[in-house]
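Visitor: I would like to go through this model with you and ask, term by term, how each description is justified.
Guide: Gladly; let us look at it together.

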Amino acid sequence: MRFVVCVKQVPDTTEVEVDPETGTIIREGVPSVLNAFDEFALNQAVDIKEKMEENIEIIAISMGPPQAKEALNKCLAIGADKAVLLTDKVFAGADTWATSLTLARAIKKLGKIDLVFVGQEASDGNTAQVGPEVAAHLGIPQLTFVTSIESIEDQNIICKKETDEGFIKIESPLPSLIACMPTPGFVPKIPNIREIMKAKRKPYEEWDHKKLGGDSSEYGLEGSESVVIKTYSPPPKGKGIKVEDPPEKAVNKLMEYFEKEGIL
Amino acid sequence: MAKTKLSDDRDLTEEQRLFRESILDWAERNMPLDRVIKMNREGHPYPKDLIKGLADLGVIMGTVPEERGGMGLTWKDQAVIADVIGYIDPSIATAAGFMAVETGWGFTIDRYANEEIREKYVKPAIRGDKFIGIATTEPGGGSDVSNFKCTAEKDGDEWILNGEKTFISGVEEAKEIGGGYWVNVRTGPKLPEAPHKNMTAFFVPIDSEGLTPTEPYDDAGRNAISTGGFIMEDVRVPDDYMLGEKGKGFYHTMEGFDNARILIGASSVGVTRRLLEEAADYIKEREVFGNPLAKYEAIQFEFVERYTEMEASRLLVEKTAEMQDVRYDEEGWLERSGKAQTYKPTEIAKWISMIKCKVPHLAKDTADDAMHWLGAAGYSSEYIFETAWKGVMSYCVGAEGGANIQKIVIGRETLGRDYVPYK
Ligand SMILES: Cc1cc2nc3c(=O)[nH]c(=O)nc-3n(C[C@H](O)[C@H](O)[C@H](O)COP(=O)(O)OP(=O)(O)OC[C@H]3O[C@@H](n4cnc5c(N)ncnc54)[C@H](O)[C@@H]3O)c2cc1C
């Protein structure tokens with residue numbers, strides 16, 4: 001079987017600060033990391049590979065600038081067998097539509113694929129659109145909010161999926177796309193130094209838009225259906241109040257506050 | 001981890017960056033600073049999960065060739081690893097002490113050992129299942145390496161060893177999980193004009209008949225790896241347990257010291273960086289007389305001095321690690337660089353001595369300064385500084401050679417052999 005895992009390199013959100021004047025994210029000097037949702041997806045793929053007797057090839061792909069190679073190196077160290085970086089100036093400025101088209105074309109180029117793994121969303125854009133759109137471009141079923149894979153048998157996959165009410169089990173034929181949602185107790189694999197050194201020898205390729213085919217106007221900013229006019233942080237909410245009294249007293253205090261503020 | 005970040009990773013390769021990321025992630029899970037402090041306070045029994053954990057992580061003996069169980073890492077790679085290990089273990093007690101002793105000496109043992117020793121001891125040590133180290137110091141000879149009394153006498157195809165070794169790292173660990181030592185003994189008479197001659201190295205398993213470990217020392221710091229010793233009474237080892245050549249033990253030992261010292265230096269850079277980051281967090285927050293401590297030049301300038309020395313040391317280690325790579329791949333280097341000659345071992349030893357003489361002291365002095373900057377808080381074991389101070393002190397006073405001895409090497413290589421004070 002062959003799995004594709006789509007990954008993105010994102011700024012380390014734990015290190016991100018917002019410029020108080022412009023309201024935009026300060027990107028300079030912020031380290032880049034593998035998107036945590038994608039890391040979870042890759043860990044799922046590697047877990048299955050380790051558990052199943054069948055031979056499985058895991059291919060990690062990413063669209064991004066040349067330095068996104070670092071995220072792919074990490075994927076190879078964690079357990080991917082091969083990596084492809086889709087990198088081209090033409091790809092720059094892509095919205096979710098253009099990104100998903102690029103990824104889908106690359107996946108088609110890879111030949112027969114049984115499962116496409118994506119993270120539910122990326123921690124920088126948080127759109128959660130790229131995965132489902134890739135599935136649409138490929139014309140395969142999509143399973144979103146997947147927290148675990150229960151089984152893969154007879155050309156069928158059974159997943160556990162988070163819903164607003166709780167969890168459900170869901171079955172789908174192969175090939176399918178699964179968008180993975182990390183569970184709170186998730187502990188990512190730490191690649192050891194031996195694995196990092198081995199990763200160096202695994203196949204790695206860089207593809208540009210010519211390799212994917214189609215017209216350059218279909219990719220990147222030009223191929224995007226949406227336009228970003230402005231990014232900004234919502235204004236700070238102010239301090240808020242904290243009521244720490246026992247319930248009876250607290251209710252009265254809150255009522256007083258609501259009345260004073262004209263909320264009720 | 002501290003909020004302040006002082007590391008400059010632009011010189012690192014992609015793999016080295018990943019090494020760093022993995023080690024930091026591992027430490028966050030398995031060895032946060034409060035555990036380092038606790039382990040040092042509690043001392044033995046040493047933390048077994050860490051030895052195995054460090055081995056699984058791959059930080060031990062990476063420079064051993066791949067076909068012999070290592071990873072064939074360059075010394076530059078291993079120095080980066082050592083740096084991060086010092087960063088996560090600023091006491092150099094647990095992880096860093098282990099990594100340096102095992103890697104420096106393990107690599108050298110592997111180089112001179114027969115197949116049996118490699119299979120039975122080196123490979124398991126790489127996997128964290130055994131401990132291998134060095135035993136050269138004796139009651140009468142520390143710095144004065146040639147002034148040793150242990151002897152070996154040939155008996156058929158065996159050697160019979162006698163004498164005592166003191167202040168030996170890891171004896172308790174070796175006793176518990178198995179392992180052995182590079183042991184220096186005399187295989188001929190002591191020559192007054194050349195006392196270092198007739199020194200020969202053997203590999204001696206810790207469970208050899210006639211070998212009795214002595215009581216471990218109650219050291220000031222570095223408490224999560226033991227320091228002990230052993231007495232050898234008619235210990236028999238096979239002829240081919242000789243490491244390297246008969247009578248060449250002194251030179252082989254100096255090579256081993258070089259390999260361990262550079263890693264101690266690299267770790268000490270990481271220690272210094274961690275201490276500066278932790279201290280920076282504090283002095284930027286703590287207000288006295290209406291300003292954060294970091295605003296006062298008396299503190300800021302000391303901080304800046306240490307930071308500058310730390311970066312200078314990092315570059316010194318980096319350059320020297322490159323020389324080590326030349327040492328172990330001379331032909332490859334000559335071919336790649338197009339240069340006419342490589343470095344002489346004594347030249348490399350000079351650079352390594354500069355590292356060993358300065359960098360552990362820098363780490364110790366930084367811990368000392370930081371305690372001043374933080375005041376009472378810095379003196380308490382709530383912060384890492386006092387633990388680090390006691391730990392790195394071991395590498396200043398003697399472990400892997402005291403600072404003055406390094407100066408003798410540097411003096412010899414700069415002023416000339418005529419000015420060596422003691423021959
Ligand atoms: C924690 C720890 C772990 C150790 N682990 C090991 C180990 O695993 N294996 C091992 O074999 N040994 C080990 N040692 C011993 C170490 O190698 C010795 O401490 C070191 O060689 C110094 O010897 P010494 O302590 O006997 O000091 P001495 O040789 O007595 O020297 C005392 C002081 O005088 C200085 N000095 C010596 N000669 C001169 C001179 N000619 N001019 C000026 N100053 C001089 C020294 O630098 C030192 O500061 C360890 C030591 C420590 C502290």
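Guide: The residues of the lining of the largest cavity divide into seven nonpolar, two polar and nine charged. Please bear in mind throughout that this is a predicted model.

Visitor: What makes this space a cavity and not a pocket?
Guide: A cavity is a set of points where a 1.4 Å probe fits but cannot get out, whereas a pocket is an open set. The structure holds three cavities of 30 Å³ or more, and about 250 Å³ of space lies in the largest of them. Among its 18 lining residues, those closest to the centre are L12(B), V80(B), D83(B), R314(B) and E318(B).

Visitor: Which helices supply at least two residues each to that lining?
Guide: In chain B these are helix 1 (14-30), helix 4 (75-88), helix 8 (249-285) and helix 9 (297-328), and helix 4 gives the most, with five residues.

Visitor: How do you know where the largest cavity lies with respect to the domains of chain B?
Guide: Domain 1 (14-131) and domain 3 (250-419) of chain B both contribute residues to the lining, and the largest cavity therefore lies between them.

Visitor: And what places the ligand with respect to the domains of chain B?
Guide: The reasoning is similar in form: the shell around the ligand takes residues from both domain 2 (132-247) and domain 3 (250-419) of chain B, so the ligand lies between these two. The shell has 19 residues, of which T137(B), S143(B), F167(B), S169(B) and Y422(B) are the closest; by class, eight are nonpolar, 10 polar and one charged. Strand 1 (131-135), strand 3 (158-169) and helix 14 (403-415) of chain B each supply at least two residues of this shell.

Visitor: Why is the approach of S143(B) to the ligand called a polar contact?
Guide: The term requires a pair of N or O atoms within 3.5 Å, and an N or O atom in the side chain of S143(B) is 2.6 Å from an oxygen atom of the ligand, so the pair meets the definition. Backbone atoms take part as well: a backbone N or O atom of I134(B) lies 2.9 Å from a nitrogen atom of the ligand, and a polar backbone atom of F167(B) is 3.0 Å from a ligand nitrogen atom. Of the 970 Å² of accessible area that the ligand has on its own, the protein covers 70%.

Visitor: What makes the peptide bond from L174(A) to P175(A) worth pointing out?
Guide: That bond is cis, with omega near -5°, and P175(A) sits in the loop between strand 11 (167-173) and strand 12 (176-180) of chain A. Most peptide bonds are trans.

Definitions and conventions
Residues numbered from 1 in each chain as written. Chains lettered and ligands numbered in written order. Predicted model: local features only at pLDDT ≥ 70, side-chain atom pairs only at ≥ 80, totals over all residues. Heavy atoms only, no water. Near = heavy atom within 4 Å. Polar contact = N/O pair within 3.5 Å; in protein donor to acceptor, adjacent residues only side chain to side chain. Areas by Shrake-Rupley, 256 points an atom, 1.4 Å probe, with all protein chains shown as cover. Helix = DSSP H or I, 4+ residues; strand = E, 2+ residues; numbered from the N terminus. Nonpolar A, V, L, I, M, F, W, Y, C, P; charged D, E, K, R; others polar. Domains from an automatic or database assignment. 1 Å grid on protein atoms, 1.4 Å probe; cavity = no way out; pocket = protein on both sides within 12 Å on 5 of 7 lines; lining within 4 Å. Points joined across faces, edges and corners; volume = space filled by probe spheres on them.
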